[in-house]
Amino acid sequence: MTGFIDRLYPSSKAALVLLAIIVGIFTPGYILQYAMFPVFLLLAIMAGNGMRFFKGFLSSVGTVVLVIFLVQVFIVRYPDSAHIWAFIALSPTGLDKSLGITSRIVSSASAIMWYFQVTTPKDMVYAMEQAHLPKKVTFVIMSTIGMVPQVINRSRTIMDAQKSRGIETEGNAWARVKSFVPMLGPLIFSLIQQTEEHALALQSRAFLAPVPKTSLYRLDKHTIDRVIQVICLLLLILFVVWRVWK
Amino acid sequence: MKRGLRYDFSLLALLLIPVGVSVNVVGYQLSSILKFPIFIDQIGTLFVSMLGGPWVGLVTGLMGNVINGMLNPVAFPYALVAMTTGFVAGLLSRWRWYTNIVGAVAACFVISIAAAIVKAPVTIAVFGGVTGAGSDLLTAALLVTGTSLIKSVFSTSIFTAVASTAIDVSVSWVILRKLPDRFLIKFNYGSPYVRKVATAS
């Protein structure tokens, strides 16, 4: 079962996620939206990273949802706010509104998060190449994803080096603002120097040649992918018809 | 000079985008190490916009938030803000605002106003006014004094945008001015910052 979601083509998963987001945003109420979280949790467990999904969701979306809830219910003033204590007031309108906002955040965020946890960047970029996106686009995406962790490592080295030279990282705000330049300066200079080398390397490997790129990596579309995509499209049409006619 | 999309996205400009995104991430980490109440996470976007122009700046802003959004989907709607920041900063570079200190200071204000105009509606429409950041305390304080939600969020957005953009612009500007001429000249929008003028011998 673990392999089933991994074997799905990236665009099938994307169709599923888009459908979930659109339905989540435009359906009135909040029960369906909240129900999407357990559904995606189940899908994440099926893909073998249920724990990662749950933890990531709590740490990023959890706090936001909690803060929105507290502010809407107790702090924002509505005509029906009932004063409780000091600056705190309780409002049924606020409760209703916060449920509407948070449920939509929960549904969209869990769909997006699930997608990026079960789809590797390699698969996503391969699918984009197959969909005939310009190779400059896929290159930028791939190189950005690859570069961020490397640069973070390098910045640690630079920070340690500058600290050993006695840079001020504490003190008043101005001193701390000033320390941005010696921390980021060497990083940016070395990265800019590197771009020249990268450009030469890419040109010597015929990156700018006006021919399609070939790939050693392969990912096949199965029958199940076509079925999922068609079902998602039909459901979307049904949903639009239902929302417009009602 | 013709300056279309194809001109802006030269190979070197393409290679600048990942640089900008990773500098943004490092800037974000630095601002939490240095215990700033606001996040200084657009240094890379601004730096890239200054050298690569509006469209490259826009894509850098978008990519930064997409990369963030993979781990934290809350960042996705704010891609619009980062894209505006990058685009406006790039336009100002095209109009040579950063070649002197007066223009650079004026640019801070223009960029922060543009960012706040996009940020406030996103915060209200998607999150109902608060996002769990430190600046929410300011919004909440304004709400308690009886200010309307829209006014509170907009004041907070303007305030945080001016403060963070001032730091973003000044840090990237200082670094840009220290970049050697031989690098500057290779980027499409780098020539106004070159110090030495070639003289015919």
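## How chain A meets chain B

About 5,000 Å² is buried between chain A and chain B, and carbon and sulfur atoms give 84% of that area. Buried area is the accessible area (1.4 Å probe) that two parts lose on being put together, summed over both.

This is a predicted model: local features need pLDDT of at least 70, side-chain atom pairs count only at pLDDT 80 or more, and totals for chains, interfaces and linings use all residues. Residues are numbered from 1 along each chain as its sequence is written, chains are lettered from A in the order in which they are written, and side-chain values use heavy atoms, without hydrogens and water.

Chain A brings 55 residues to the contact and chain B brings 56 residues. Contact means heavy atoms within 4.5 Å. There is 1 salt bridge between the two chains. A salt bridge is a side-chain nitrogen of Lys or Arg within 4 Å of a carboxyl oxygen of Asp or Glu. B:Lys186 and A:Glu196 form it, at 2.1 Å from N to O. Helix 9 of chain A gives the most to the side that touches chain B, with 17 residues. Helices are DSSP runs (H or I, at least four residues), and strands are runs of E (at least two), numbered from the N terminus.

Now to chain B. UniProt, in an unreviewed entry, lists residues 125-150 and 156-176 among the spans for "transmembrane region". Such annotations may be inferred rather than shown by experiment.

| Span of chain B | Helix | Strand | End C-alpha distance |
|---|---|---|---|
| Residues 125-150 | 54% | 0% | 10 Å |
| Residues 156-176 | 100% | 0% | 29 Å |
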